[in-house]
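Visitor: I should like to examine this protein with your guidance. May we proceed by question and answer?
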Amino acid sequence: MIGNFLDQPPAPMTTSAETFDYLDPPNGIGEIGRLGPYRIIDTIGKGGMGQVFRAEDTRLQRAVALKVMNKRFASTPNSRLRFIREARSMAAIEHDHVVTVYEVGEVKGVPFLAMELLRGQTLEQFNRLGVRIRIDRILDIAEQVTKGLAAAHQCGIIHRDIKPANIWLEEGTERVKILDFGLALAACPTDSLVARGSVMGTPGYLSPEQAQGDPLDDRSDLYSLGVVMYELSCGRLPFCAPTIHEQLIQIIAHHPVRPESHNREVPKPLADLIMKLLSKHPHDRPASARVLVEQIHAAEGEVNDEMSRALKIVVNPSEVHAGSSTIDSARGKRRPASSTPLTSTSWVPNGSTRRSAWIALATLGTLFIAVALWTSTKGSKIANRTVPYSNESEAAIPTPTVVMASTLDPLRLTEVVVGSDAVTAGDAARFRIRLLNMASDAASDPREQLRGVHHAAQVQTFVQRQHESRRPADAFPKKLRFDEFPPPGQSSVLDVAIGTGSLTAGAYDVIFELQSPSRTKINQVIGELKVLENLTSGDLLGFRRIRTSEGGADTFVKRGSADDFGGLTYLAARSHA
């Protein structure tokens with residue numbers, strides 16, 4: 001991962017037992033080595049494939065967090081590609097809630113990326129302090145993370161590892177940033193660096209589709225964020241098991257206990273939102289990160305309304321007339337009773353009634369504690385069993401349904417209703433395709449035969465240029481539930497968006513293929529797409545900074561600068577395929 005690069009007083013000098021043979025010898029006091037133009041000051045973290053250093057860019061005299069790939073991983077092609085892809089994924093996102101990447105480069109065969117040096121701590125480190133977090137702060141953290149995810153998803157990037165260790169709390173502010181796109185996946189049906197069917201990510205925060213090795217879309221990140229919100233609200237994960245295998249089974253087949261069962265102070269609007277995020281099927285979660293931001297705002301409003309109602313004070317008029325004092329609930333102090341009589345339609349109990357009410361409340365409280373203890377004891381016994389299923393839970397486990405290609409035969413993709421005739425490279429191409437149900441009766445209707453099946457079919461998208469083989473398009477796979485099929489004799493329209501950032505200018509065929517969940521082809525329809533050269537946001541134009549592939553950095557030159565760069569050319573560029 002990116003690492004927890006905490007801007008704090010320098011750590012003790014690296015001991016001789018910890019050596020970095022890929023670093024050049026130090027050139028001055030207070031550094032442990034050099035990597036190209038970077039002075040390495042000390043180590044501040046370790047990731048899965050690399051070391052994170054506190055460093056100084058000697059060209060810009062700027063403090064940075066420098067992530068350097070371990071040499072033994074750099075010699076492995078897949079690891080090297082994953083490191084570079086992480087850097088490119090992060091560099092593609094410019095947002096206030098995503099850590100900024102300054103430069104991606106390579107020195108003596110060692111890849112590195114330079115990032116902004118952050119002050120503060122990760123949410124994981126904060127959780128270890130045991131400090132209870134406020135409800136409004138939970139919603140605020142969720143909103144900021146969601147905004148960062150929305151920016152990533154807009155670039156066609158799924159994070160795939162949202163967890164407290166990858167959420168940064170900036171010191172001195174309330175700002176939150178997303179770290180570590182090491183598992184980031186560009187929007188395409190398969191990940192070329194991960195074997196088909198393998199599971200990537202952190203077990204406690206995996207979405208059900210991740211746990212099953214299914215294709216992902218952006219709603220997988222929303223599930224993981226729901227797990228983070230559940231943990232902040234309850235102090236525990238929704239699913240805990242002694243082995244990874246049992247953990248995956250629980251994520252796929254079990255339903256979490258509502259947050260209020262672990263923490264009675266969690267308001268219902270927040271609990272409802274968390275449970276929606278933890279839905280087993282992506283279709284039941286918020287449609288996108290942007291939609292989730294709106295739902296968080298709505299939940300905040302409902303929580304505030306609940307708190308306002310809870311703070312209403314019921315005043316006993318008889319005590320006011322008697323000249324007694326009442327309690328100022330806002331300040332926790334006694335204040336003199338007003339001489340002006342207060343009128344209220346609220347029912348105020350007398351002494352006898354209050355005693356009866358207290359007895360009733362005490363009885364109910366004792367009963368509630370007994371039930372809670374019985375429930376927690378029983379739940380802990382179930383959680384600690386080595387067998388993943390019990391007789392009590394088997395009924396809740398959905399029976400797997402194998403979707404045969406023949407069952408989907410009545411479905412047909414018939415035409416491209418709306419297509420993107422010409423799109424500038426980097427913009428999204430949007431298509432609408434028509435799906436027709438040609439079933440003649442209920443016996444042949446896929447809606448009836450696959451009733452209750454969440455992943456009943458899917459639409460995969462491919463692009464192909466003339467005289468070239470087709471390849472997966474930068475588009476999330478469109479997974480369809482049984483109730484998303486049109487009724488017999490009717491049609492529905494599906495929306496598909498394709499990223500064009502990886503496409504060169506030219507004309508393409510866009511192939512929309514209807515498939516069974518096992519990727520067996522049912523039929524297809526073809527549209528056309530023309531990608532135009534982007535003249536406003538290419539590699540050299542339209543950027544506030546220029547990223548070079550090797551040996552370079554972000555360079556700013558002020559107007560009227562007297563620096564002639566030693567008589568060298570200010571900027572040279574070349575184009576290659």
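Visitor: Is Val418 buried, partly exposed or exposed?

Guide: The model shown is a predicted one. Val418 lies in strand S14, which spans residues 411–418. Its relative accessibility is 40%. Buried means under 20% and exposed means over 50%, so at 40% Val418 counts as partly exposed.

Visitor: Which residues form a nonpolar patch on the surface with Val418?

Guide: The patch has about 190 Å² of accessible area, taken over its members together. Besides Val418, the members of this nonpolar surface patch are Val417 and Val493.

Visitor: Which residue forms a salt bridge with Arg434, and in which strand is that partner?

Guide: Arg434 belongs to strand S16, residues 428–437, and its partner is 19 residues away in the chain. The closest N and O atoms of the pair are 2.9 Å apart. Arg434 counts as partly exposed because its relative accessibility is 24%, and the partner, at 37%, counts as partly exposed too. The partner is Glu415, in strand S14.

Visitor: How many residues apart are Arg432 and Asp495?

Guide: Arg432 forms a salt bridge with Asp495, with 2.8 Å between the closest N and O atoms. This pair links distant parts of the chain, since Arg432 is in strand S16 and Asp495 in strand S20 (residues 491–499). Arg432 is partly exposed at 38%, and Asp495 is partly exposed at 44%. Along the chain, the two are 63 residues apart.

Visitor: Which residues are linked with Glu31 in a network of salt bridges?

Guide: One salt bridge of Glu31 is with Arg34, where the closest N and O atoms are 2.9 Å apart. Both Glu31 and Arg34 are buried. The network that includes Glu31 links it with Arg34, Arg39 and Glu56.

Visitor: How many salt bridges are there by this rule?

Guide: The rule asks for a side-chain nitrogen of Lys or Arg within 4 Å of a carboxyl oxygen of Asp or Glu. Arg432 and Asp495, at 2.8 Å, are one of the pairs. By this rule the count is 27.

Visitor: Over how many bridges do S3 and S4 pair?

Guide: Strand S3 covers residues 50–57, and 7 of its 8 residues are buried. On one side of the pairing list stands strand S2 (residues 38–46), which runs antiparallel to S3 and is joined to it by 7 bridges; there, Asp42 has Arg54 of S3 as its bridge partner. Strand S4 (residues 62–69) is also antiparallel to S3, and Asp57 has Arg62 of S4 as its partner. The bridges between S3 and S4 number 8.

Visitor: Which residue takes a positive phi in the hairpin of S3 and S4?

Guide: In this hairpin, 4 residues lie between the strands. The phi in question is near 50 degrees, and the residue that takes it is Gln61.

Visitor: Why is helix H6 described as largely enclosed by the rest of the structure?

Guide: Helix H6 comprises 16 residues, 219–234, and reaches 23 Å from its first C-alpha to its last, close to the 22 Å expected. Just after H6, Gly235 takes a positive phi of about 80 degrees. The helix is largely enclosed because the buried count is 16 of the 16 residues.

Visitor: Which residues does Ala87 touch, not counting those up to four places away in sequence?

Guide: Ala87 is in helix H2 (residues 77–91) and is buried, with a relative accessible area of 0%. Its C-alpha is 7.5 Å from that of Val101, although the two are 14 residues apart in sequence. With residues up to four places away left aside, Ala87 touches Val104 and Leu113.

Visitor: Is Arg137 buried or exposed?

Guide: Arg137 is placed in helix H4, residues 135–154. Beyond its neighbours within four places in sequence, it is in contact with Gln144, Leu169, Glu174 and Val176. Its relative accessibility is 11%, and therefore Arg137 counts as buried.

Visitor: What percentage of the residues in the protein is buried?

Guide: The protein has 13 helices and 22 strands. It exposes about 30900 Å², of which carbon and sulfur atoms supply 53%. Of its 577 residues, the buried ones make up 43%.

How values were computed: Residues are numbered from 1 along each chain as its sequence is written. This is a predicted model: local features need pLDDT of at least 70, side-chain atom pairs count only at pLDDT 80 or more; totals for chains, interfaces and linings use all residues. Side-chain values use heavy atoms; hydrogens and water are left out. Buried means under 20% relative accessible area, exposed over 50%, partly exposed in between (1.4 Å probe, protein chains only). Contact means heavy atoms within 4.5 Å. Patches are made of residues with over 30% relative accessible area and no salt bridge: like charges are joined within 9 Å, nonpolar side chains (Val, Leu, Ile, Met, Phe, Trp, Tyr) within 5 Å. Accessible areas come from the Shrake-Rupley method with a 1.4 Å probe; for residues, only the protein chains shown count as cover. The expected span of a helix is 1.5 Å times one less than its number of residues. Two strands pair if DSSP finds at least two bridges between them.
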